[in-house]
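Subject: Structure for your review

Dear colleague,

Please find the structure below, together with its sequence. I should be grateful if you would read the notes that follow with the coordinates open.

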Amino acid sequence: MSIRLQNTSNIWITGASSGIGEALTEALARGGHRLIITGRREQPLEQLRSLAPERILPAPGDTTSKADLSDIASILEDQGDLHMAVLNAGTCEYLDITHYNSDVIEKNIHTNVIGTARCVDIALPALRRTRAKGHPATLVIVSSSAWWFPFGRAEGYGASKAALTYFAHSLRADLAAEGIDVVVVSPGFVKTPLTDRNDFPMPFLVEADDAAERIVSGLAKGHNEIAFPKRFTWMLRILGALPRPVIDRMAASMSRKSKN
Ligand SMILES: NC(=O)c1ccc[n+]([C@@H]2O[C@H](COP(=O)([O-])OP(=O)(O)OC[C@H]3O[C@@H](n4cnc5c(N)ncnc54)[C@H](OP(=O)(O)O)[C@@H]3O)[C@@H](O)[C@H]2O)c1
């Protein structure tokens with residue numbers, strides 16, 4: 001049985017101001033944990049603080065900014081041992097292939113990969129200090145299952161999440177000897193402000209509260225890979241295992257249909 005989340009834990013959550021991060025904040029607050037929550041918008045973070053003012057502390061900032069993260073590092077240190085960092089802040093920008101522009105790729109990579117990597121700059125020393133005292137220390141990286149299949153328009157988003165997952169798996173290998181767990185979360189479609197912008201059907205869409213419960217449950221069980229909903233992620237796994245020419249034909253046909 002995992003000892004993660006068994007006792008009251010200090011947890012840093014990025015991207016807490018909406019969607020999955022907001023629902024995770026609510027779920028972990030219900031579990032009695034002490035939370036430090038980050039996002040660029042202060043007002044939603046303050047609103048979340050009112051759920052448990054003695055246990056929820058806003059630490060607003062841009063996760064791509066080293067200066068903001070340096071301020072957040074001081075806040076984390078003031079709160080004592082950090083047991084878990086949930087690096088969830090992210091964006092999804094789709095490409096319009098008719099007007100190809102690499103800025104779209106850059107925006108996805110900058111927020112999802114560089115931003116997360118910069119968060120590790122401050123999370124890892126804090127987690128190492130906790131681990132050195134013999135306590136559990138867990139780094140959670142919210143990726144996506146979207147990159148398991150080459151969806152049209154997702155060149156930037158998919159590339160960013162593929163890179164992020166590789167980054168997390170390599171970190172897992174390097175940190176294993178120190179006993180620091182690295183967890184990868186790979187959701188399917190979750191109803192949030194991010195997906196409310198989507199203009200295409202989203203099979204097996206789950207609510208943000210449901211996603212948060214699945215993540216907390218997977219963490220508490222000690223899982224290092226958390227992918228949901230199962231019907232969607234298994235379907236993607238099976239599609240992804242088909243021969244490349246078959247994948248290419250299916251992906252091209254889906255892209256054509258989405259344009260029509
Ligand atoms: N929804 C889905 O279907 C789905 C599926 C798979 C994976 N995911 C991943 O889940 C994570 C959360 O997504 P969501 O659906 O909950 O989207 P969301 O509602 O748009 O939330 C994104 C969060 O990230 C924060 N954020 C974005 N850029 C930031 C930056 N530079 N600095 C600090 N915070 C930043 C936003 O806060 P501010 O705007 O206040 O900065 C917001 O709190 C993302 O990594 C996303 O890729 C989502």
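For the packing of helix on sheet, an axis is taken as a line fitted to C-alpha atoms, for a helix over the stretch in contact, and the angle between N-to-C directions runs from 0 to 180 degrees. Please bear in mind throughout that this is a predicted model. On that basis, helix α4 (residues 102-132) lies across β1 (10-14), β4 (84-87), β5 (137-142) and β6 (180-187). The helix runs at about 160° to β5.

The sheet

These strands belong to an open sheet of seven, in the order β3-β2-β1-β4-β5-β6-β9, with parallel pairing. The edges are formed by β3 and β9 (225-228), each of which pairs on one side only. From one strand to the next, the twist averages 15°. At the β3 edge, β2 (residues 34-38) and β3 pair in the parallel sense over three bridges. Across this pair of strands, Ile37 stands opposite Pro58 in β3.

The loop after β3

Thr63 lies in the loop between β3 (56-58) and α3 (66-78). Is Thr63 buried or exposed? Its relative accessible area is 9%, and Thr63 therefore counts as buried, the cut-off being under 20%. Leaving aside residues up to four places away in sequence, Thr63 touches Thr14, Thr38, Leu69, Ala89, Gly115, Arg118 and Cys119. Of these contacts, Thr14 falls within β1 (10-14), and both Gly115 and Arg118 fall within α4 (102-132).

The ligand

There are 29 residues around the ligand, and Ser18, Arg40, Tyr157, Val190 and Thr192 come nearest. Three polar approaches to oxygen atoms of the ligand may be noted:

- A polar side-chain atom of Thr192 lies 2.6 Å from a ligand oxygen.
- An N or O atom in the side chain of Lys161 is 3.0 Å from an oxygen atom of the ligand.
- A polar backbone atom of Gly90 is 3.4 Å from an oxygen atom of the ligand.

On its own the ligand has 870 Å² of accessible area, and the protein covers 94% of that. Which helices supply at least two residues each of the shell around the ligand? They are α1 (19-30), α5 (155-175) and α6 (193-196). The largest share, three residues, comes from α6.

Yours sincerely

Definitions and conventions:
Residues are numbered from 1 along each chain as its sequence is written. This is a predicted model: local features need pLDDT of at least 70, side-chain atom pairs count only at pLDDT 80 or more; totals for chains, interfaces and linings use all residues. Side-chain values use heavy atoms; hydrogens and water are left out. Helices (H or I, at least four residues) and strands (E, at least two) are DSSP runs, numbered from the N terminus. Buried means under 20% relative accessible area, exposed over 50%, partly exposed in between (1.4 Å probe, protein chains only). Contact means heavy atoms within 4.5 Å. Two strands pair if DSSP finds at least two bridges between them. A residue is near a molecule or strand if one of its heavy atoms lies within 4 Å of it. A polar contact is a pair of N or O atoms within 3.5 Å; within protein, one must be able to donate a hydrogen and the other to accept it, and residues adjacent in sequence count only if both atoms are side-chain atoms. Accessible areas come from the Shrake-Rupley method with a 1.4 Å probe; for residues, only the protein chains shown count as cover.
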